[in-house]
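I opened this notebook to record what I looked up in one structure. The entries follow the order in which I consulted it.

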Amino acid sequence: MSQPEAHIHTTGHEDDHPKSRIVHPGKRRVKLQEQSDSYIKVYVWELPVRVFHMINAITILLLIITGLYIGKPMVAASIAEEAYYSNLMGWTRYIHFFAAFVFTANLLVRWYWVFMGNSYATSNPLKKAFWEETWECIKFYLLLRNRKPHYTGHNPLAQLTYWILIGGGSIVAIFTGFYLYFEPQPDTFFARLFAWVPAVFGSSFLIRSWHHWVAWGFILFIVVHVYLSFREDWLERNGTLSSIMTGYKTEKKDKVETHEPNGE
């Protein structure tokens, strides 16, 4: 039987690591479940966020593997024959394009959930507190004296990284990718829809280069993301890795950050 939900005040931080001043008013209340006298389970990642993460991980891996092969084929048919019989490049391109459409649809759903999800599903880089706490996070990772608050979800530096790499990088990859996909049919509706892309990114060669650079940016992000996830799970012992499957993290009651008004 699941334990009853609870709502708590979270004002017990130490003086040198104060409570986060980032709040998201009007968001759905975060679900909390009592676990013991000192610990509580926090429903951080709702189901749409977890599904997005899984689909995003799979499609990005497919896009990277197939994209690298399309850019520089590293294998060929073991027997010299007409390409028709194996059609390895054809299948690689098909998987790449299919994954691209799924990746795009999945990203649109995630943007929708920024507005519909709980306070952990959103971010607001337009607020002064966001940038002040981002700077504290930077000092924390540089091993400098800092006043970085504890975060149950992503800290603002991580959120900023997602905005730039996953948000901005994905937009660049989508626009350049769809332009290249429809480039051979310039008179079609979708080709005309992306006809503005060369005006922003340059020639067809530069567009392919932008697409390629974003792919390597994703590769670098994956390496750092996986490392930091294991690091967070090991140091905090809060279920960071398992939370992407269950949605729940385990936190001390006096450290939970829900980013709701009044710390409730």
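**Entry 1: His259**

I began with His259, which counts as buried because its relative accessibility is 7%, below the 20% cut-off. I note that the model is a predicted one. I then looked up the backbone of His259 and found a positive phi of about 60 degrees, although this residue is not a glycine. I recorded the value because most residues other than glycine have a negative phi. As to location, I placed His259 in the segment that comes after strand 3 (248-252).

**Entry 2: Arg237**

I next looked up Arg237, another residue that is not a glycine and has a positive phi, here about 55 degrees. Where does Arg237 lie? I found Arg237 in the loop that runs between helix 8 and helix 9 (240-246). Is Arg237 buried or exposed? I entered Arg237 as exposed, because its relative accessibility is 56% and the cut-off for exposed is over 50%.

**Entry 3: Helix 1 and helix 8**

I turned to the pair formed by helix 1 (residues 47-71) and helix 8 (residues 204-236), whose axes come within 11 Å. At what angle do the two axes cross? I noted a crossing of roughly 130 degrees. Helix 1 is therefore oblique to helix 8. I also entered the crossing of these two helices as left-handed.

I then listed the residues that meet across this pair. Helix 1 contributes His53, Ile60, Leu61, Ile64 and Leu68. From helix 8, I listed His212, Ala215, Trp216, Phe218, Ile219, Ile222 and His225. Sorted by class, the contact of helix 1 with helix 8 holds nine nonpolar residues and three polar ones, and I found no charged residue in it.

**Entry 4: The whole protein**

I closed with the protein as a whole. How many helices and strands does the protein have? I recorded nine helices and three strands. Along the sequence, I read their order as β-β-α-α-α-α-α-α-α-α-α-β.

For burial, I noted that 38% of the 264 residues are buried. The exposed surface of the protein comes to about 16,100 Å², and I recorded that carbon and sulfur atoms supply 67% of this area.

Lastly, I looked up contacts between residues at least 6 apart in sequence, and I found that 73% of these join residues at least 24 apart.

Key:
Residues are numbered from 1 along each chain as its sequence is written. This is a predicted model: local features need pLDDT of at least 70, side-chain atom pairs count only at pLDDT 80 or more; totals for chains, interfaces and linings use all residues. Side-chain values use heavy atoms; hydrogens and water are left out. Axes are lines fitted to C-alpha atoms, for helices over the stretch in contact, and angles run from 0 to 180 degrees between N-to-C directions. Helices (H or I, at least four residues) and strands (E, at least two) are DSSP runs, numbered from the N terminus. Angles under 35 degrees count as roughly parallel, over 145 as roughly antiparallel, 65 to 115 as roughly perpendicular and the rest as oblique. A crossing is left-handed if the near helix is turned anticlockwise from the far one by less than a right angle, and right-handed if clockwise. Contact means heavy atoms within 4.5 Å. Ala, Val, Leu, Ile, Met, Phe, Trp, Tyr, Cys and Pro count as nonpolar, Asp, Glu, Lys and Arg as charged, and the others, Gly among them, as polar. Buried means under 20% relative accessible area, exposed over 50%, partly exposed in between (1.4 Å probe, protein chains only). Accessible areas come from the Shrake-Rupley method with a 1.4 Å probe; for residues, only the protein chains shown count as cover.
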